[in-house]
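User: Please take a close look at a single part here, the way strands pair into sheets. Which residues face each other, and what lies around them?

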Amino acid sequence: MDKLKLIAILMVAICAFQHAFSQVGINTITPLSTLDINGNLSIKTMILVGSGSVTNINDGVYISINPQATDQEFMLPNPVTFPGRTYIIRNINNTNTAKLTTASGLLFPKNSTTGSAEIYMFEGNLRTIMAISDGVNWTYFN
């Protein structure tokens, strides 16, 4: 049934591309944005368990990371390759710190011009973040 919904949404989207500046509405006949959803939205969730090597983050939107040792590394993809990509990441391990890195660029906290190559996620410090690619770097919000 989910595949049928996806096919229906894609068919509507394809038809909308025939007209410049078209707007698509789901559960509305008067969309006010390029995509206007009048209802709930579900996003793909994943659990990534840390290992002895770097664990790449490359799928999903809401991602629970579970480091099995202190400072296990989880790597965001290259922000140049995925401009606009957004992830919500949560360290679900109550004992181990997760180290978040990126394949390219830097990680910038919101409202800052100083980036870093890595951030550490643990209880009381960046337990949950949202990371957004600007096409060069990642900006994160907690």
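Analyst: **Strands and their partners**

In strand 5, Ser64 has Ile47 standing opposite. A word on the source: this is a predicted model, in which local features need pLDDT of at least 70 and side-chain atom pairs count only at pLDDT 80 or more, while totals for chains, interfaces and linings use all residues. Residues are numbered from 1 along each chain as its sequence is written, and side-chain values use heavy atoms, leaving out hydrogens and water.

Start with the strands around Ile47 and Ser64. Strand 3 and strand 5 (residues 62-66) run parallel, joined by five bridges. A strand here is a DSSP run of E with at least two residues, numbered from the N terminus. Two strands pair if DSSP finds at least two bridges between them. In general, strands of a sheet pair through backbone hydrogen bonds, either parallel or antiparallel.

Now step back to the whole sheet. It is open, with six strands in the order 3-5-7-11-12-9, and its pairing is mixed. Strand 3 (45-49) and strand 9 each have a single partner strand, so each stands at an edge with one side left without a neighbour in the sheet. From one strand to the next, the twist averages 30°. Angles of this kind lie between N-to-C directions and run from 0 to 180 degrees, with axes fitted to C-alpha atoms.

Strand 11 (residues 128-133) belongs to this order, and Ser133 is part of strand 11. Is Ser133 buried or exposed? Ser133 has a relative accessible area of 4%, so it is buried. The cut-offs, with a 1.4 Å probe and protein chains only, are under 20% for buried and over 50% for exposed, with partly exposed in between. Beyond its neighbours within four places in sequence, Ser133 is in contact with Pro79, Phe82, Pro83, Gly84, Arg85 and Trp138. Contact means heavy atoms within 4.5 Å. Phe82 also offers its backbone oxygen, 3.1 Å from a polar atom of the Ser133 side chain.

The model has another open sheet, of four strands in the order 4-6-8-10, also with mixed pairing. Strand 4 (55-56) and strand 10 (118-121) each have a single partner strand, so they stand at the edges and one side of each is left without a neighbour in the sheet.

Go across it strand by strand. Strand 4 and strand 6 run parallel, with two bridges between them. Here Thr55 has Phe74 as its bridge partner in strand 6. Strand 6 also runs parallel to strand 8, over five bridges. There Met75 stands opposite Thr101 of strand 8. The last step turns around: strand 8 (residues 98-102) and strand 10 are antiparallel, over four bridges. Ala98 has Met121 of strand 10 as its bridge partner.

Strand 6 (residues 72-76) shows an alternating pattern of side chains. Gln72, Phe74 and Leu76 point to one face and are buried. Glu73 and Met75 point to the other face and are not buried.

Finally, look at two loops. Asn111 lies between strand 9 (107-109) and strand 10. Its phi is near 60°, a positive value in a residue other than glycine. Asn111 has 81% relative accessibility, so it counts as exposed. Asn27 sits in the loop between strand 1 (24-26) and strand 2 (35-37). Phi of Asn27 is positive too, near 70°. Asn27 counts as exposed, at 62% relative accessibility. For background, most residues other than glycine have a negative phi.

Notes
Polar contact = N/O pair within 3.5 Å; in protein donor to acceptor, adjacent residues only side chain to side chain.
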